[in-house]
Amino acid sequence: MTLPPKKEKQQDPGRTKPMSRTRRFSTSDAGSRQRPATGPAQLLIKPGSQESRLLFGPGSKNSLIIDYRALLGLSKEDSQNYVEDTAERLAPDLDASEVMRLDEDALLRMTYGMSILDANPVDGLDYDKGIKALFRWARQSKSFPGAIELRFEREAAGASGLSKSLLLNDLPPLPDVTVTELGKIYNPTRVLQVPRPLDFRMLESGLFSAIRQFLDLQLARFEAGPGQQLDREPIERLRELAGHLQEYVKFSCGPYILANPDGPYFTGYDLSKRVESSESVQLNDELLLSYAMNVASYLGYAPEFGQRFVTAGFDGVRDANVLRSLMKELLTDTRTSEKVARLTRLSGLHFGGGTVRLNPLIPRNQDRIEARWNHLRTMIHEFVHVLTHPNFAAKADQIGQGQIIREGFVDLFAAVIFRQLSGDIQAHPELAGRFLADLGTFKPPTGDQMTTRYGDSGKKAESVLELVGLPNVSAALVLGNTGSIGLGGPGTGKGGDT
Ligand SMILES: [Zn+2]
């Protein structure tokens, strides 16, 4: 889809922004142009209409006005003028001369994207930043106005920050009483925000033996019987599934994920190119230590282990170094550190730069379809780490039970996406084809795959969800608005968004 070819505008290379002030876009001009653009058909979405609600999910008060009528039949020059003039009005300090260098497809996206921004004024939106982001998106995107399910419009609103501002403005502040309740969940061993003293002997007692037991149980799942070998999923297949997954999540899992202008959908991140086998991970002391800390944080709050972290008064902020030293000590035992190394190579992992590692081996007690669900479940979990906003992740080091942030919410969100994906796969043969066709058989996922994992930290995240609702959790995790889960600052529910 392109704008009609038009005589190149005579352009002074030294042309500066003020010149654009002399040219004003006028809608009445539009009809008089000789050649109509091959743009989309007229699309008018009224506030509250079914289509516009698609943008922000059921029950939302938000809707976008999308009215392209004035844009139909614009020449290339008209479009450039429209973008520049609108930019000047919305963000007077912005230099929008970049519009002259856009190719025809990008100019079309920019023109229609800009009209969405213009028709929907919203409080709290940084138009300067938003229009710059819209330019970046217009050059990189492959979508066009009129695509099914308003995909173009949803992308444009997400890229510019319009969706983010609308969604965040829609969230009422948390009542103080809720923020207090949430504080108790995040800091189980603090009384009025002050940590209880640490009982080191209580913390230490039985911790090493519990971790060793846990390691053996996990390793046993990957021991093939005598003379047998474990099946494996080719890494190429996992990469292909990753591509389908990223595309599915983009438009199917609520409006928040596509509302982060700095998130993976607007930075060129491609999950299918970032999936690697966990078997080939470069091991180092820090990686082993982080695995051991993870296991300890799981067992420390596990009822079957007597919730040792709680009874010992362990506080993740104050006592982080105590736990680190203990785990370093544990890893000086060669047999234990070898087991941790083997398990690290058998686990899903994510790394800061967006690399996701998955274990291609299929545990001996799983058939192919169970393994496929499991791979998808793990892949979603690791992808949620990629979706996680840095503001949100940073809160892990500021609360007593940081594991709620590090893994609890991540897995809760992963379970929500997985339940939806598995339901959609069962309802839509086309989707099933993409994710399961090569298996030639079907069986729904197990209950364990459908629920939040990570023990007590997952349960705590669920308690928070019950108190604040999924929109608030999504706004915190994906958009970094941590105030919406009561982590805006010491004892406040104010937003922590930057
Ligand atoms: Zn994780």
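A residue is counted as buried if 20 or more other C-beta atoms lie within 10 Å of its own, as exposed if 12 or fewer do, and as partly exposed in between. The exercises below apply this and related criteria to a predicted model.

**Exercise 1. Determine how far helix α7 is enclosed, and which of its residues are buried.**

Solution. Begin with the extent of the helix, which covers residues 162–169 and thus has eight residues. Next, apply the burial criterion along α7, which picks out L162, S163, K164, S165, L166, L167 and L168 as buried. Since seven of the eight residues are buried, α7 is largely enclosed by the rest of the structure. For the wider setting, buried residues make up 41% of the 498 residues in the protein.

**Exercise 2. Classify Y454, Q307 and R342 as buried or partly exposed, and place each in the secondary structure.**

Solution. Take Y454, which sits in the loop between α21 (447–450) and α22 (455–468); with 24 other C-beta atoms within 10 Å, Y454 is buried. Its phi is near 70°, a positive value in a residue other than glycine.

Turn then to Q307, in the loop between α13 and α14 (308–311), where phi is near 45° and again positive in a residue other than glycine. Q307 has 16 C-beta neighbours inside 10 Å and therefore counts as partly exposed.

Finally, R342 belongs to helix α16 (residues 334–344), and because it has 15 C-beta neighbours inside 10 Å, R342 counts as partly exposed. The C-alpha atom of R342 is separated by 8.0 Å from that of L219, although the two residues are 123 apart along the chain.

**Exercise 3. Describe how helices α10 and α13 pack, and what kinds of residue form their contact.**

Solution. Start from the geometry: α10 (residues 207–220) and α13 (residues 285–299) pack at an angle of about 105°, with their axes 10 Å apart. Angles of 65 to 115 degrees count as roughly perpendicular, and α10 and α13 are therefore roughly perpendicular to each other. Then identify the residues involved, which are L207, A210, I211 and F214 in α10, meeting A292, V295, A296 and L299 in α13. Sorted by type, the residues of this contact are eight nonpolar, no polar and no charged. The spacing of such contact residues can be read against a general rule: an α-helix has 3.6 residues a turn, so residues three or four places apart point the same way.

**Exercise 4. Work out the strand order of the open three-stranded sheet, which strands stand at its edges, and which helix lies across β6 and β7.**

Solution. The order is β5-β7-β6, with mixed pairing. β5 (275–277) and β6 (349–350) each have a single partner strand and stand at the edges, so one side of each is left without a neighbour in the sheet. Between β5 and β7 (residues 356–358) the pairing is parallel and runs over three bridges, with V275 standing opposite V356 in β7. Helix α17 (residues 368–387) lies across β6 and β7, and runs at about 165° to β7.

**Exercise 5. Decide which stretches of the model call for caution.**

Solution. Consider first the whole protein, which averages a pLDDT of 86, with 86% of the residues scoring at least 70. Over residues 1–59 the pLDDT is below 50, although this stretch has 94 contacts in the model beyond near neighbours in sequence. Residues 490–498 likewise have a pLDDT below 50, with 31 such contacts. Where pLDDT is low, the predicted coordinates should not be read in detail.

Terms used. Residues numbered from 1 in each chain as written. Predicted model: local features only at pLDDT ≥ 70, side-chain atom pairs only at ≥ 80, totals over all residues. Axes fitted to C-alpha atoms, helices over the stretch in contact; angles between N-to-C directions. Helix = DSSP H or I, 4+ residues; strand = E, 2+ residues; numbered from the N terminus. Parallel < 35°, antiparallel > 145°, perpendicular 65-115°, else oblique. Contact = placed C-beta atoms within 7 Å. Nonpolar A, V, L, I, M, F, W, Y, C, P; charged D, E, K, R; others polar. Pairing = 2+ DSSP bridges. pLDDT = per-residue confidence, 0-100.
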